[in-house]
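User: I would like to learn how to read a structure like this one, starting with a sheet and ending with the pockets. Could you take me through it step by step?

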Amino acid sequence: MTTSTSTVARTVTGRLIGAHLVEGEMTPGAEIALRIDQTLTQDATGTMVMLELEAMGLDRARTEVSVQYVDHNLLQSGSRNAEDHEFLRSACRRFGLWYSKAGNGVSHPTHMQRFGVPGKTLVGSDSHTPAAGSLGMLAIGLGGIEVARAIAGEPVYLRMPEVWGVRLTNELRPWVSAKDVILEMLRRHGVKGGVNRVVEYYGPGVDTLTAMDRHVIANMGAELGATSTVFPSDERVREFLRSEQRGDDYVELVADEDAEYDVHEAIDLAAVEPMVAKPRSPGNVVPVPEVAGTEIEQVVIGSSANPGLRDFAIAAAIVRGRQTDPSVSFDVNPTSRQILQDLTKMGATLDLIAAGARLHQSGCLGCIGMGQSPTSHGNSLRTMPRNFPGRSGTADDHVYLCSPETAAASALTGVITDPRTLPERLGLEHPILDLPAESSVNAAMLEEPLSADEAAEVELVKGANIGDLPELTAYPDQVEAPVLVKVGDDISTDTIMPAGAEALPYRSNIPKLAEFAFRDVDGDYPRKALDSRDDTGHVIVGGSNYGQGSSREHAAIAPRYLGLRMVLAQSFARIHWQNLVNFGILPLELDEADYDAIEVDDVLSLDGVHDALTGDVEQLTVRNTTQGTEYAVRHRLSPRQVEVLLAGGLIPWLRDR
């Protein structure tokens with residue numbers, strides 16, 4: 001094991017990486033391998049993980065803790081989701097994982113409450129896994145097959161990130177909360193500012209934020225494109241673990257006073273004001289006053305981006321004794337049964353319902369278009385982490401993102417409202433919350449792993465909707481294929497492979513799921529791709545930050561099933577870039593001028609792929625045989641990744657080994 005002696009190693013991030021480093025150098029950009037203590041999977045991605053564990057022939061999970069949550073696909077209209085839940089439970093019993101039943105809670109806050117431990121590493125098949133950094137963990141979102149490898153005891157490989165230190169001073173003012181802090185970061189830096197970086201918050205302002213406040217900020221660090229977000233494990237973390245009756249799990253983990261960071265930032269918390277992300281990007285952020293007065297038809301409070309008791313309690317206190325505007329649907333998604341219990345004990349549940357709230361089951365739901373979809377012409381104001389086009393389940397949606405304070409204030413008025421105006425507008429002073437010192441811990445819907453002997457007797461239960469992994473063949477030495485799709489900057493995995501109530505139930509049925517690929521870009525793409533799959537395959541061309549957003553590897557698997565061979569983009573989002581390689585798709589970077597020159601239906605050719613990738617240079621030459629031109633492109637793959645790609649993907653590579 002190689003460790004760094006630089007001052008970055010004295011940051012919380014450096015300590016976490018150094019303690020788990022099994023291969024590589026702690027030099028930004030170098031490939032490193034980390035030992036993983038815990039894993040997290042959710043049902044939208046976990047079915048593929050369990051099929052991958054079966055394909056690997058795993059006998060039993062080799063992590064300290066691995067948990068499968070059912071929190072995304074909770075709408076059971078037809079048998080498909082219920083069958084997947086049944087399959088997931090049988091897989092947990094077979095492979096030795098914890099199983100969190102449907103309705104128990106959203107994975108990230110529930111994992112933080114029940115399993116998170118300072119100083120540990122966690123990987124999850126969900127891009128918001130870094131929320132656990134609120135406890136002083138190194139938590140990273142990955143594609144499902146990478147998580148499957150971690151469950152099997154293998155290290156996780158990634159580029160050593162830069163450490164981006166953000167110094168916080170002072171404290172937040174009334175009507176401003178943690179959501180406004182991360183929205184301010186997105187206002188400054190957009191959805192690409194954190195790529196290949198870990199964001200580490202430090203300074204005196206950190207002490208003013210509770211562990212669950214930090215969860216809000218760490219969760220949406222994913223929208224910056226960051227590898228992870230890290231907070232120190234300090235007295236606020238100790239308080240949180242005590243409230244969860246897990247005080248013995250506390251470990252102090254703080255940065256040295258002389259720690260230095262690769263990148264520097266500072267935020268005066270007292271200067272932060274209410275913020276809102278306008279449609280259709282989490283990076284499209286402005287202060288609330290700039291959009292105040294915009295009419296809304298829906299307010300949704302919940303999701304992993306505002307999951308804490310305080311976030312629901314403040315909304316309940318704001319609407320207490322009042323009625324929400326008659327033009328607004330006021331939807332509340334409790335993030336866990338535990339939080340719903342505490343809200344009910346406080347009387348806050350009654351306050352919400354009396355004010356006109358529609359109370360939904362504990363889960364992600366509207367965040368990924370599983371219900372609560374807005375109209376095509378109205379504005380929806382949500383406390384959720386993402387507002388990518390169509391993610392709500394409505395193709396031409398208009399979704400704004402905000403804090404619970406702004407959401408509750410706007411629900412009362414029917415227009416986007418700066419909560420700081422409520423004293424003058426409604427005579428409402430900022431509520432003072434009296435939250436319980438101890439949470440209503442209830443683990444009844446968490447099923448423990450079976451013993452090894454019991455697990456060996458379990459058979460996987462596969463309903464009609466549980467399919468098989470597509471066959472992945474070795475990468476050819478020559479590719480000559482047409483460009484079927486060309487897209488612009490910041491295309492998300494929601495655009496590549498839509499979520500929502502219509503598509504997600506087929507997440508373990510790849511041939512059927514593939515019918516939805518690029519649905520909102522070119523409805524004929526699946527048909528055209530299948531027509532060329534067995535002959536030439538096809539190519540996709542994208543702008544910068546291609547594949548941002550969700551970690552769902554279906555955005556790589558489904559196009560691969562349809563014959564995708566190469567993606568040429570100006571740059572890639574970290575997780576999707578790795579997912580492409582893991583399923584035998586070559587990601588190549590090209591210059592903006594060359595991107596502009598390529599047209600849909602152009603035929604692109606790459607010869608001598610094997611020798612080119614195994615050589616010492618990253619640059620290759622792609623020919624446009626339609627136009628008679630050439631483009632210099634870069635692959636940026638490590639030697640290990642080249643091996644994986646040429647084998648056809650991670651599963652055949654592992655099988656060959």
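Analyst: What follows goes through a sheet, the helices on it, some buried residues and two pockets, and it should be kept in mind throughout that this is a predicted model.

User: Let us begin with the sheet: in what order do its strands lie, and how are they paired?

Analyst: The sheet is open and is formed by 6 strands in the order S7-S6-S3-S4-S5-S20, with mixed pairing. At the edges stand S7 and strand S20 (446–447), and because each has a single partner strand, one side of each is left without a neighbour in the sheet.

User: What joins each of these edge strands to its partner?

Analyst: On one edge, strand S6 (residues 121–124) runs parallel to S7 and is joined to it by 4 bridges, with threonine 121 having leucine 138 of S7 as its bridge partner. On the other edge, strand S5 (residues 98–100) pairs with S20 in the antiparallel sense over 2 bridges, and there serine 100 has leucine 446 of S20 as its bridge partner.

User: Which helices lie on this sheet, and at what angles do they run?

Analyst: Helix H3 (residues 80–95) lies across strand S4 (65–69), S5 and S20, and runs at about 155° to S5. Helix H5 (residues 144–151) also packs on the sheet, where it touches strand S3 (38–42), S4 and S6, and its direction makes about 140° with that of S3.

User: How should I read the side chains along a strand, taking S7 as the case, and are its residues buried or exposed?

Analyst: As a general idea, side chains in a regular strand alternate between the two faces of the sheet. In strand S7 (residues 138–141), Leu138 and Ile140 point one way while Ala139 and Gly141 point the other way, and all of them are buried.

User: How is burial read for a helix such as H19, and for a single residue such as serine 410?

Analyst: A residue is called buried when its relative accessible area is under 20%. By that reading helix H19 (residues 554–561) is mostly covered, with 7 of its 8 residues buried, including His554, Ile557, Pro559 and Arg560. After H19 comes glycine 563, whose phi is positive, near 105°. Serine 410, which lies in helix H12 (residues 404–413), has a relative accessible area of 0% and is therefore buried. If residues up to four places away in sequence are not counted, serine 410 touches Ile296, Leu381, Val415, Ile416 and Thr417.

User: How is empty space found, and what lines the largest pocket?

Analyst: The general idea is that rolling a probe the size of a water molecule over the atoms shows where empty space is left. In this model the largest pocket holds about 890 Å³ of space, and of the 39 residues that line it, Thr210, Asp213, Arg236, Arg310 and Leu435 are the closest to its centre. Helix H7 (211–219), helix H8 (235–243), helix H9 (309–319) and helix H10 (337–346) are the elements that give two or more residues to this lining. By class, the lining of the largest pocket divides into 19 nonpolar, 9 polar and 11 charged residues.

User: What is found in the lining of the second largest pocket?

Analyst: The second largest pocket has about 420 Å³ of space, and of its 25 lining residues the closest to its centre are Arg159, Asn196, Arg574, Trp577 and Arg636. Strand S8 (156–159), helix H20 (574–582) and helix H23 (639–647) each supply at least two residues of that lining, and H20 gives the largest share, 4 residues. The classes in the lining of the second largest pocket are 10 nonpolar, 8 polar and 7 charged residues.

How values were computed. Residues are numbered from 1 along each chain as its sequence is written. This is a predicted model: local features need pLDDT of at least 70, side-chain atom pairs count only at pLDDT 80 or more; totals for chains, interfaces and linings use all residues. Side-chain values use heavy atoms; hydrogens and water are left out. Buried means under 20% relative accessible area, exposed over 50%, partly exposed in between (1.4 Å probe, protein chains only). Contact means heavy atoms within 4.5 Å. Two strands pair if DSSP finds at least two bridges between them. On a 1 Å grid over the protein atoms alone, a cavity is a set of points where a 1.4 Å probe fits but cannot get out, and a pocket is an open set with protein on both sides within 12 Å along at least five of seven lines; lining residues have an atom within 4 Å of a point. Grid points are joined across faces, edges and corners, and a volume is the space filled by probe spheres set on the points. Ala, Val, Leu, Ile, Met, Phe, Trp, Tyr, Cys and Pro count as nonpolar, Asp, Glu, Lys and Arg as charged, and the others, Gly among them, as polar. Axes are lines fitted to C-alpha atoms, for helices over the stretch in contact, and angles run from 0 to 180 degrees between N-to-C directions.
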